[in-house]
Amino acid sequence: MKILFPRLSRISLEDWLKYHPYDKEMSSDHFYISMSNDIQHEILHIDINDNLVGSDYKYLSCTLACYFEDIVSQTGIWTTFVDTHKSLYNKYLPFYDTEDYAYGEINLADIRFLIWHFCSNLSVMNHLIDPYSLDGEEMALIVYNMLTEASDQAPRNEDLRNALILPSDATVYQAKEIADYLFFGSYLNRYYMMTRMEEAVINIKNQKGVNKKNLDPLIYDKHAELLFNTVSPVLAQHSFEILACRVGESHPQYRKIQSVSKRKEGLFRYKGSTVAHVQLEHIATGLTIEINTTHGPDWKIPLVADQTVVRLGFTEWNDDRWVQGTVFRITDPEKMIPDDVEKYLFAPVASQLGVVKRQEECFLEVNNGKRLAFFKDKKAAFSFVDDIWGSYHGKYGESMDRKLFDVHNLTFNVDDDSENIVVFFNPQGGVEFYADMAHFISCPGNPFFVSDSEANIETLLFDECISTEFVSLLIENRMIEIEPLLGEGGYQYVWNNCDFLLRYWKREYYRTEPKLFVE
């Protein structure tokens, strides 16, 4: 029996344009808006694991109609994703059978994945969604039949295709415009990034001193920070990584796009200008840098050498630096003190000097070649680490003429009352400590292992303080048993798609960065 839901408002042109890089109606939009409303009407009676409510149906319907438009118009948003997934995992999609996959065409597996992806990113979710949900199967089949039946009549959106073409001589700001759309506007990422941006705006409005005059510049600046410093859940890619995959290695700007750095932010004193650059002194370190001002936004503030102080964010592109976001003039610079972390803004990470590799060598020597060590308490674990540092300084201490700093302050984040400590050497970041986990790790030399214990896989995947490398080691070597998961898929899909799930749920924390920097 069909359950009746309250009628939702129809998807409008305004709703539809939020998923597109232009702000006026194009010739093909009417067809796809109608299609998205038809999808919404057909799926309203289906609720996947009690996840979908109210406007969720509207957003999901737009997502599925945009996928249809993308496939018909060959804009490459979806094929960029499946190409990248295949290069990583030798199959087009996670979870589902893709043996008979029709590349570049409508696939039932595509729609199943998009429904899983959408439900997994609902802001209320804090647990794994089973990719084999029976309700999801029903919805996917309904939508698949609708799209295949309408495919012969569906028009190509040439305006969307043209908007996503990156010129061969593109500037960083032209590349940014397309990367911004792929990150904040395209159907694969829009819901997640929209949620992140909405949360950021709320936080900005709650800050002291925020008013109507400075609200928009603060929001614009936060948008730039998210664009360059966050990742999409889908494959944990930064915006310019997605753009690089889309344009491909044959594009003249491919290497430049790949090399775009994260956005760095700091306090600077204006020193002077040339035709194409401004010179700025970084207040925290005294270093002088140059910012390229060609093609970029107007700073719109008076600049007085050795007096004007600004806060700004920049990225690096093609061996140059470019402003990304708002340039804020500091009205009372004498009272402005840089954050402590700013003194590391230009510091090389320790891995560049081989420090992490040398630490790894000493760790393995002291621990008999094993990456994991187990201790009863904090004192014993710290004594073990002292032995590691003793070995390190004995071998390499005299060759280091600069001081090391643990800027993340995570290395010794262990409570005094922990019942056991697992010490792990991460080849990407260094020493890591994990409290009260030894009981579920089946490993030779672990005296705390309890044979019938099970690990909570959601904690391992979701907790940003648990590294990708640690979880991968446990799962790939079958050192843990997983607590039963709800759904038809059980937990086999976790074993088979471990790295994809780590990318999806760790997001910015998927790639471990060295904790040590060098002064």
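Trainee: How much space lies in the second largest pocket?

Mentor: In this predicted model, the second largest pocket holds about 340 Å³ of space. Its lining has 17 residues, and H20, P21, E177, D180 and Y181 are the closest to the centre.

Trainee: Which helix gives the most to that lining?

Mentor: That is α8, residues 172-184, with 6 residues. By class, the lining of this pocket divides into 9 nonpolar, 4 polar and 4 charged residues.

Trainee: Let's turn to helix packing. Why are α13 and α14 called oblique to each other?

Mentor: Helix α13 (residues 355-366) and helix α14 (residues 378-396) pack at about 120°, with their axes 9 Å apart. Roughly perpendicular covers 65 to 115 degrees, and roughly antiparallel means over 145. The angle of about 120° fits neither, so the pair is oblique. The crossing is right-handed.

Trainee: What makes the contact of α13 with α14?

Mentor: Among the residues in contact are F363 and V366 of α13, and W389 and Y392 of α14. By class, this contact has 9 nonpolar, 2 polar and 5 charged residues.

Trainee: And why are α3 and α6 oblique to each other?

Mentor: Helix α3 (residues 56-73) and helix α6 (residues 134-150) pack at about 40°, with axes 11 Å apart. Roughly parallel needs an angle under 35 degrees, and roughly perpendicular starts at 65. About 40° meets neither condition, so α3 and α6 are oblique. Their crossing is right-handed.

Trainee: Which residues make the contact there?

Mentor: L60, L64, Y67 and F68 of α3 meet M139, V143, L147 and A150 of α6. This contact has 8 nonpolar residues, with no polar and no charged ones.

Notes:
Residues numbered from 1 in each chain as written. Predicted model: local features only at pLDDT ≥ 70, side-chain atom pairs only at ≥ 80, totals over all residues. Heavy atoms only, no water. Axes fitted to C-alpha atoms, helices over the stretch in contact; angles between N-to-C directions. Helix = DSSP H or I, 4+ residues; strand = E, 2+ residues; numbered from the N terminus. Left-handed = near helix turned anticlockwise from the far one by under 90°. Contact = heavy atoms within 4.5 Å. Nonpolar A, V, L, I, M, F, W, Y, C, P; charged D, E, K, R; others polar. 1 Å grid on protein atoms, 1.4 Å probe; cavity = no way out; pocket = protein on both sides within 12 Å on 5 of 7 lines; lining within 4 Å. Points joined across faces, edges and corners; volume = space filled by probe spheres on them.
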